[in-house]
Structures are given as structure tokens and as C-alpha cells.
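Subject: Structure handover and notes

Dear colleague,

Here is the structure that I promised to pass on to you. Please have it open while you read the notes that follow.

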Amino acid sequence: MSDDVSDAAARNLPLRHSDEIQGDVLAGFRKDHETVVLLRFPDDPAPVRQWLARLIPQLATTRQVAAFNNDFSAARRNLAGTDPVGLRATWVNLSLTYSGLKFLMGTEPFPDQTQDGVKAFVLGASARADINGDGGESAPERWLFGRADQPVHAVLTVASDSRELLEVRASELRVAAAHGGLTVVFEQVGATLPGDRKGHEHFGFKDGISNPGVADFDRPDPDHPEQVAGKPGTRIVPAGEFVVGLPLLQRPDPGLPEWAKNGSFQVVRRLAQDVPAWWAQVAAARRTLDQAGVELPVGSGAEWVAARAVGRWRSGASVAHNPNAEPPTKPGAPDDNLISYADDKEGHTTPVFAHIRKTNPRDHFGPDHKVADTRRIIRRGIPYGQPFDPAAGPGHGPDADRGLVFVAYMSDLAFQFEFLQSAWINNTGFPPPGQNGKDPVIGQDSDVNLKLDTVPDGKPLHFAQFVRTEGTIYAFAPAISTLRDL
Ligand code: HEM
């Protein structure tokens with residue numbers, strides 16, 4: 001989770017929306033500790049309603065979280081970049097699965113289920129495994145949560161500044177849930193990695209750099225109104241891409257029921273990362289290039305190949321701007337996001353298969369970014385498990401559990417998350433031209449085709465799958481007033 005707190009002004013968002021939309025969606029909890037608690041309802045709705053009535057006043061809104069984030073980032077600036085220790089908060093959001101919503105509504109939430117995003121939500125993530133590429137070791141039968149035989153009705157997302165504060169709040173919430181007859185089906189605790197690894201995911205790369213800006217929420221740059229002020233390259237897209245019922249970029253409004261307005265669809269995914277195996281294959285790919293006599297920059301090792309797989313170096317510096325080597329980090333510099341692929345259509349600098357190019361092709365299809373901007377999601381993931389570092393003792397070895405609690409928000413599960421998984425990440429032909437392989441960070445087993453100015457036709461490098469899906473939930477974070485009406 002990034003500590004780069006946005007300068008978003010909650011007051012920009014019309015009052016009605018910022019008090020209605022839950023806080024993690026547009027503002028983001030941005031805490032170092034988080035837990036996701038998956039709950040099952042009992043048969044009797046009466047105690048569940050009482051539980052919900054007591055919980056609603058505790059849920060964080062966009063206004064509260066954005067105001068806090070603004071204060072935090074202002075204080076951080078005054079303290080020359082160090083964290084203001086006195087500013088603390090613990091946030092809670094609630095989302096409901098299709099069966100959870102139906103249970104509380106007592107009626108069919110979506111009378112019309114022809115729209116693809118609604119269909120995905122109704123069926124649930126395990127039924128969409130084929131679309132999402134969840135086969136083999138990632139198949140739903142092996143999941144820790146989200147299996148068809150293991151119903152989940154509600155998802156609590158709790159975030160705080162320390163493990164202790166998180167645990168206190170989470171245990172209060174667990175006790176309250178138990179009083180309402182709810183049971184915990186699964187709980188996934190996450191935390192930013194320690195020390196220098198803070199803000200990085202387990203493979204070692206800085207995460208949380210590129211999230212979209214949101215119209216009427218993030219302040220536009222006066223000179224480049226399509227971008228967020230102070231965040232060059234962060235494009236502003238309409239809020240309806242993430243929140244139901246608000247303006248969309250170009251697709252027609254799917255016409256969801258009134259109760260869904262100001263809510264957001266949520267994907268929660270436990271993605272296990274085999275860190276040593278991924279790095280071993282990167283090193284093997286580097287040897288393949290040597291054996292093929294491919295000329296590479298002096299001193300470039302496995303890191304050079306890994307940066308091509310991600311599209312960024314470990315520090316988050318882009319390969320687009322730093323093709324040969326990782327540049328020294330500049331404290332206080334804005335995130336390296338003003339990236340263009342317009343002059344690199346074949347991917348000789350940033351390979352077209354690179355994770356950040358697969359999941360956001362930016363201007364690959366044209367200067368208006370439209371192809372990319374309509375498929376954006378808001379990512380709120382956090383790592384779980386200890387860093388891979390066998391010398392550091394138990395919990396740090398190759399067999400310990402580690403990975404990413406992937407959390408994302410969007411207004412259409414099929415059009416955004418599922419489309420990214422199926423049409424971009426696991427599609428060898430995306431982006432064109434040619435067949436250049438699946439995403440070598442999170443995609444299925446495939447050969448990627450590394451093209452360079454010196455090797456314009458490319459050199460195939462094998463990438464097996466070392467990110468395994470261990471559970472997925474599709475949920476919906478309703479507006480606060482919708483929750484009150486349930
Ligand atoms: C960006 C790693 C899963 C979508 C990134 C970045 C890293 C990364 C290092 C660059 C930092 C940034 O821009 O924030 C990972 C790892 C994953 C994972 C290790 C799994 C263990 C996913 C999944 C999706 C996804 C499942 C979507 C289905 C994106 C997007 C970006 C991104 C949209 C921003 C690209 C851009 O705008 O430049 N990821 N990711 N990631 N990732 Fe992932």
C-alpha cells in the first residue's frame with residue numbers, strides 16, 4: 001500500500017456522494033495494516049439486521065478518509081517526508097456478496113441479469129474461473145475461500161496504522177459479528193513489508209504507483225486538466241468507472257437498480273507469490289539471452305530482465321524512461337507515471353508483455369488513452385506474509401505463505417477486472433502487433449517474445465506461472481444509505 005497520499009479534495013465531490021461512497025473506494029485507506037474478514041450469515045435475518053444497524057455508523061466514508069488523507073499528506077510535507085505519528089485512524093468498510101445482498105433485501109437484488117457485470121456478480125468468482133484463468137493449481141476447488149461449497153455473505157475490510165490497533169478493532173468487530181450469529185469463514189491479514197521493502201510487493205517492486213485519478217474528486221492540474229495536480233501522468237477518468245450511477249467515459253450506463261447507486265463492485269483475491277521460483281526463472285531467461293548472444297547493456301543481470309517483465313525497476317522507476325539501468329532514487333520526486341508508448345509500439349523499450357503495459361496500455365492505441373482508460377480499476381492491495389529472506393529465520397523461507405491480498409474496485413466486474421484477466425493479461429496477442437506472450441508476472445505459463453532494437457523479431461523466453469490464486473470473492477460495497485435501507 002503506497003504512503004503517497006493523494007491531494008484529493010473531498011470537498012470537490014458533491015456532498016451527497018462523498019458521504020455516501022465508502023471510504024476505501026475513491027480515497028483509499030492507505031494503511032500499513034489491513035485485514036479482510038469474510039463472514040457468513042445465520043439463517044435468521046433479525047440478528048443480522050441488528051448487527052448491521054450497529055455497524056453502519058462505524059463505516060468510513062469517502063469524506064472522512066479523504067479529509068484524513070489530506071491532513072496526513074499536509075503534515076508529512078511539513079515534516080519533510082516523515083510520517084506524522086500523532087495522526088492515526090482505523091477504518092472499516094463493508095461489502096456484501098450477491099447472496100448476502102439477497103438475504104438482507106429479502107428479494108432479488110437484480111431483477112434483470114442480462115448485463116455481463118451483473119451476471120458475473122450473481123454467479124460469483126468461482127463460476128468465472130475459466131474467464132479469469134483460474135485453472136490447474138489456481139482452480140477454485142483448491143481455494144481457501146470463495147469456493148461454491150463455502151458461502152460468504154459479507155466482507156469486512158479493516159485498516160489501521162499498527163498491527164496492535166488493527167487487532168483490537170478486528171476483535172471488537174468479530175465479537176459483534178458473533179453476537180449477530182455470523183461466523184468467520186476466512187480472514188486474511190496483510191501488512192506493508194518491513195524496512196526498505198515498505199510499499200513494495202514480494203517480488204521486490206514498488207507497488208501502488210499507478211492508480212487512476214477520479215473526476216470531481218482528484219484536483220486536476222491547471223495546465224493539463226486531464227491529469228491530477230502534482231501527479232504527472234495520472235489521468236483523470238470519470239467517477240462512474242468505479243462507482244455505480246456516476247458519469248462513465250464512453251460505455252452506456254448499464255442501468256443498474258437505484259439501490260446500487262454510489263456503490264462499487266469489489267474483487268478480493270489471495271494471490272500467492274513463489275518469490276524464489278519467479279526470480280530463478282528470470283535468471284534462467286537472462287542466461288537464455290546470453291546463450292543466444294543477445295547484446296545487453298554492460299552490467300545488466302537478472303534485474304534487467306525482471307524490469308522488463310514488470311515494466312518498472314524495483315524502485316518503481318519506469319523502463320520507458322530508464323531502459324538500461326535503475327536510476328538512483330530522488331527523494332520527493334513525483335511517481336514516474338508520465339509514460340508514453342507512442343514511440344515504442346513494438347515494445348523494444350518497454351516490452352508489450354510487461355505487466356504494467358498489459359494492464360494499462362496507456363497511449364498504445366492512440367493519444368486519447370481511451371482503450372486503456374475505460375478498463376481501469378482502483379487497486380487497494382496489500383502484501384501478506386513475511387518477505388522471502390531465508391537468513392531471517394522462520395517464516396521467511398521458500399515454503400512460508402506470502403503474496404498479495406489483491407483488492408480492487410470498479411463499476412463493472414466483467415468489463416473491467418474479468419476483461420483485464422482474459423483479454424489482456426492472459427492473451428498472448430495483447431497488445432498487438434503479433435503474439436508476444438502472456439503477462440510474465442501474473443499470467444499463465446507462456447513464452448514471451450522479447451524484442452529489442454538489436455533483436456527486432458524477438459527472442460522467446462519461457463515464463464511459468466508463479467502467482468497462484470488461492471481464493472476470490474466478488475462483493476459489492478453499497479452506499480451508506482443503501483445499507484441503512486436493508
Ligand atoms: C501495477 C505487481 C496483480 C493490475 C503493478 C506494479 C507492480 C505490480 C509491481 C507497478 C506499480 C504500480 O504501478 O502501482 C503485481 C503483483 C501482482 C499483481 C506482484 C500479484 C501478485 C495484479 C492483478 C491486476 C493488476 C491481478 C489486475 C487484474 C495492475 C495495474 C497496474 C499494476 C492496472 C498499473 C499499471 C499502470 O497503470 O501502469 N502491479 N500486480 N495487478 N497492476 Fe499489478
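A residue is called buried here when its relative accessible area is under 20%, and exposed when that value is over 50%. By that cut-off Val36 is buried, because its relative accessible area is 4%. Please keep in mind throughout that this is a predicted model.

Let me stay with Val36 for a moment, since several findings meet there. The residue belongs to strand E1, which covers residues 33-40, and, once its neighbours within four places in sequence are left aside, Val36 is in contact with Val155, Leu156, Phe186, Glu187, Gln188, Val268 and Val405. The C-alpha atoms of Val36 and Asn93 are 9.7 Å apart in space, while 57 residues separate the pair in sequence.

Turning to the chain as a whole, the secondary structure consists of 14 helices and 14 strands. For 486 residues a compact globule would be expected to have a radius of gyration near 23 Å, and the chain, with 22 Å, agrees with that expectation. The C-alpha trace spans about 70 × 50 × 50 Å along its principal axes, and 56% of the 486 residues count as buried. Among the contacts with a separation of 6 or more, 71% come from residues that are 24 or more positions apart.

As for the surface and the charges, the chain exposes about 19500 Å², of which carbon and sulfur atoms supply 52%. There are 50 positive and 61 negative side chains, and the centres of these two sets lie 1 Å apart.

The ligand deserves a paragraph of its own. Its iron atom has a single donor from the protein, namely NE2 of His355, at a distance of 2.1 Å. His355 lies in helix H11, which comprises residues 355-359. The loop between H11 and helix H12 (370-373) holds Gly366, which counts as buried because its relative accessibility is 13%, under the 20% cut-off. Gly366 and Tyr341 are 25 residues apart in sequence, and their C-alpha atoms are 9.4 Å apart in space.

Two further buried positions may be useful to you. Arg128 lies in the loop between helix H6 (116-123) and helix H7 (129-132), and this residue is buried, with a relative accessible area of 10%. If residues up to four places away in sequence are not counted, Arg128 touches Asp116, Ala120, Leu123, Ala414, Glu418 and Tyr474. Ile480, in turn, is placed in helix H14 (residues 480-485) and counts as buried at 4% relative accessibility. Leaving aside neighbours within four places in sequence, the contacts of Ile480 are Asp19, Glu20, Gln22, Ile56, Leu59 and Thr61. Ile480 and Ala60 are 420 residues apart in sequence, yet the distance between their C-alpha atoms is 9.3 Å.

Finally, there are some details of the backbone that you may wish to look at in your viewer. Which peptide bond has an omega of about -15°? That value belongs to the cis peptide bond joining Phe430 and Pro431, and Pro431 is found in the loop between helix H13 (414-425) and strand E12 (446-452). The peptide bond from Pro432 to Pro433 is also cis, with omega near 10°, and Pro433 likewise has its place in the loop between H13 and E12.

Positive phi values in residues other than glycine are found at Arg30, where phi is near 45°, and at Asn262, where phi is near 70°. Arg30 is placed in the loop between helix H2 (23-26) and E1, whereas Asn262 is found in the loop between strand E7 (231-237) and strand E8 (264-273). Asn262 counts as buried, because its relative accessibility is 7%.

With best wishes

Notes:
Residues numbered from 1 in each chain as written. Predicted model: local features only at pLDDT ≥ 70, side-chain atom pairs only at ≥ 80, totals over all residues. Heavy atoms only, no water. Helix = DSSP H or I, 4+ residues; strand = E, 2+ residues; numbered from the N terminus. Rg over C-alpha atoms; globule rule 2.2 N^0.38 Å. Buried < 20%, exposed > 50% of the residue type's maximum accessible area, 1.4 Å probe, protein only. Contact = heavy atoms within 4.5 Å. Areas by Shrake-Rupley, 256 points an atom, 1.4 Å probe, with all protein chains shown as cover. Lys, Arg positive; Asp, Glu negative; His and termini not counted. Charge placed at Lys NZ, Arg CZ, Asp CG, Glu CD. Donors = N, O, S within 2.8 Å, 3.2 Å for Na, K, Ca; no water.
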